[in-house]
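Open the model in your viewer and keep the sequence panel beside it. The stops below each give a selection and then what is found there.

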Amino acid sequence: IFMSGADEKRREIYCFDADSGNLIWTKAVEGIKGAPTTLPKVTEETGFAAPSMVAHGNQVSAIFADGNLVTLDLDGNVIWSKNLGTPQNHYGHSSSLLAYDRLLYVQLDQSKDPKLMALDMATGNQVWVANRQTISWASPIVVDTDFGKQLILNSETTVDSYDPLAGTMLWTQECLSGEVAPSPTYSNGVVFSAQEYATAAAIQLAKNDETITPEIAWEFDE
């Protein structure tokens with residue numbers, strides 16, 4: 001089991017034995033080139049290590065509120081690290097990492113230059129980047145649909161779908177509002193989105209020629 005933790009002074013990654021709960025190793029995340037000297041302001045509820053880590057193959061990755069991103073092997077040795085710039089986010093960065101195939105996805109939604117990044121899991125090099133429009137605190141998902149794999153994200157007002165390997169947008173559907181934190185979910189051809197004080201929606205996916213067309217199947221506003 002891999003977890004990250006942080007406070008004003010430290011950024012750390014922990015590896016626990018899943019059977020016994022014993023701590024196997026701790027790795028301090030430090031010395032990252034370009035790391036900011038001034039910490040971002042975060043709320044007490046968010047903290048500096050809100051995003052969940054991702055484990056993929058023989059690698060694990062973590063991102064922190066200051067934009068430090070690091071990938072380790074299963075023994076805690078650093079494979080690569082980089083700073084993505086301090087996320088401009090008035091609660092603190094919370095979108096969790098996601099990995100699929102050979103790519104590591106970072107939903108870097110923020111108030112300035114929001115973007116979705118796909119990095120080479122082995123090297124950290126950028127493979128593609130998709131510009132975003134609005135901020136959110138949700139995390140991405142990759143799902144297997146009748147029309148192929150899709151990388152689906154919640155935004156401030158829309159649910160957006162991308163080709164996970166190419167980064168091209170497949171479809172977008174307006175249905176959200178507010179400061180969106182929950183991630184979307186998917187089952188049997190339908191994408192579900194919800195947000196506190198906003199309408200929950202079920203988005204039915206269909207295909208017209210080569211274009212995937214989303215349609216609101218139902219909404220729930222209580």
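Leaving aside neighbours within four places in sequence, which residues is threonine 145 in contact with? Select threonine 145 and look for Gln150, Tyr186 and Leu205, which are those contacts. The model is a predicted one.

**Stop 1: threonine 145**

Stay on this residue for its setting. Threonine 145 belongs to strand 12. Its relative accessible area is 8%, so threonine 145 is buried. Now display the polar atoms of its side chain. One of them is 3.0 Å from the backbone nitrogen of phenylalanine 147. The side chain also reaches glycine 148, where the backbone oxygen is 2.7 Å away.

**Stop 2: the nonpolar cores**

Select Ile152, Val159, Trp171, Cys175, Val191, Ile203 and Leu205. The largest nonpolar core has 14 residues, and these are the ones that touch the most other members. Strand 12 (141-145) and strand 18 (200-208) supply at least two core residues each. Strand 18 gives the largest share, 3 residues.

Next, pick valine 191 and list its contacts, leaving aside neighbours within four places in sequence. The list holds Ile152, Val159, Trp171, Pro184, Thr185, Tyr186, Ala201, Ala202, Ile203 and Leu205. Another core, of 13 residues, lies apart from the largest one; Ile63, Leu84, Leu97 and Ala99 are among its members. As general background, nonpolar side chains in soluble globular proteins tend to be buried together.

**Stop 3: glutamine 59**

Move to strand 5, which runs over residues 59-63 and contains glutamine 59. Is glutamine 59 buried or exposed? Glutamine 59 is buried, because its relative accessible area of 11% falls under the 20% cut-off.

What does its side chain meet? A polar atom of the glutamine 59 side chain lies 2.7 Å from the backbone oxygen of methionine 121. Beyond its neighbours within four places in sequence, glutamine 59 is in contact with Val54, Thr71, Leu72, Leu74, Ile79, Trp80, Met121 and Ala122. For one of these, measure C-alpha to C-alpha: glutamine 59 and leucine 72 are 5.6 Å apart in space, with their positions 13 residues apart in sequence.

**Stop 4: salt bridges**

How many salt bridges does the structure hold? There are 7. In general, side chains of opposite charge can pair when their charged atoms come close.

Begin with arginine 132. Its salt bridge with aspartate 109 has its closest N and O atoms 3.0 Å apart. This pair links distant parts of the chain, 23 residues apart: arginine 132 is in the loop between strand 11 (126-131) and strand 12, and aspartate 109 is in the loop between strand 9 and strand 10. Arginine 132 counts as buried, at 6% relative accessibility. Aspartate 109 is buried as well, with a relative accessible area of 0%.

Keep arginine 132 selected and add aspartate 160. These two residues also form a salt bridge, with the closest N and O atoms 2.9 Å apart. Aspartate 160 sits in strand 14 (residues 158-162), 28 residues from arginine 132 in its loop, and this pair too links distant parts of the chain. At 4% relative accessibility, aspartate 160 counts as buried. Elsewhere, Asp7, Arg10 and Glu12 are joined into one network by salt bridges that share partners.

Now select aspartate 120 and arginine 102. They form a salt bridge whose closest N and O atoms are 3.3 Å apart. Aspartate 120 is in strand 10 (residues 115-120) and arginine 102 is in the loop between strand 8 (98-100) and strand 9 (103-108), so the bridge ties together parts 18 residues apart in sequence. Aspartate 120 counts as buried at 17% relative accessibility, whereas arginine 102 counts as partly exposed at 45%.

**Stop 5: strands 1 and 2**

Finish with residues 2-6 and residues 11-16, which are strand 1 and strand 2. In which sense do these two strands pair, parallel or antiparallel? They pair in the antiparallel sense, over 5 bridges. To see one bridge, select serine 4 and its partner in strand 2, isoleucine 13. The hairpin that joins strand 1 to strand 2 passes through 4 residues.

Technical notes: Residues are numbered from 1 along each chain as its sequence is written. This is a predicted model: local features need pLDDT of at least 70, side-chain atom pairs count only at pLDDT 80 or more; totals for chains, interfaces and linings use all residues. Side-chain values use heavy atoms; hydrogens and water are left out. Buried means under 20% relative accessible area, exposed over 50%, partly exposed in between (1.4 Å probe, protein chains only). Contact means heavy atoms within 4.5 Å. A polar contact is a pair of N or O atoms within 3.5 Å; within protein, one must be able to donate a hydrogen and the other to accept it, and residues adjacent in sequence count only if both atoms are side-chain atoms. A nonpolar core is a set of buried Ala, Val, Leu, Ile, Met, Phe, Trp, Tyr and Cys residues joined through side-chain atoms within 4.5 Å. A salt bridge is a side-chain nitrogen of Lys or Arg within 4 Å of a carboxyl oxygen of Asp or Glu. Two strands pair if DSSP finds at least two bridges between them.
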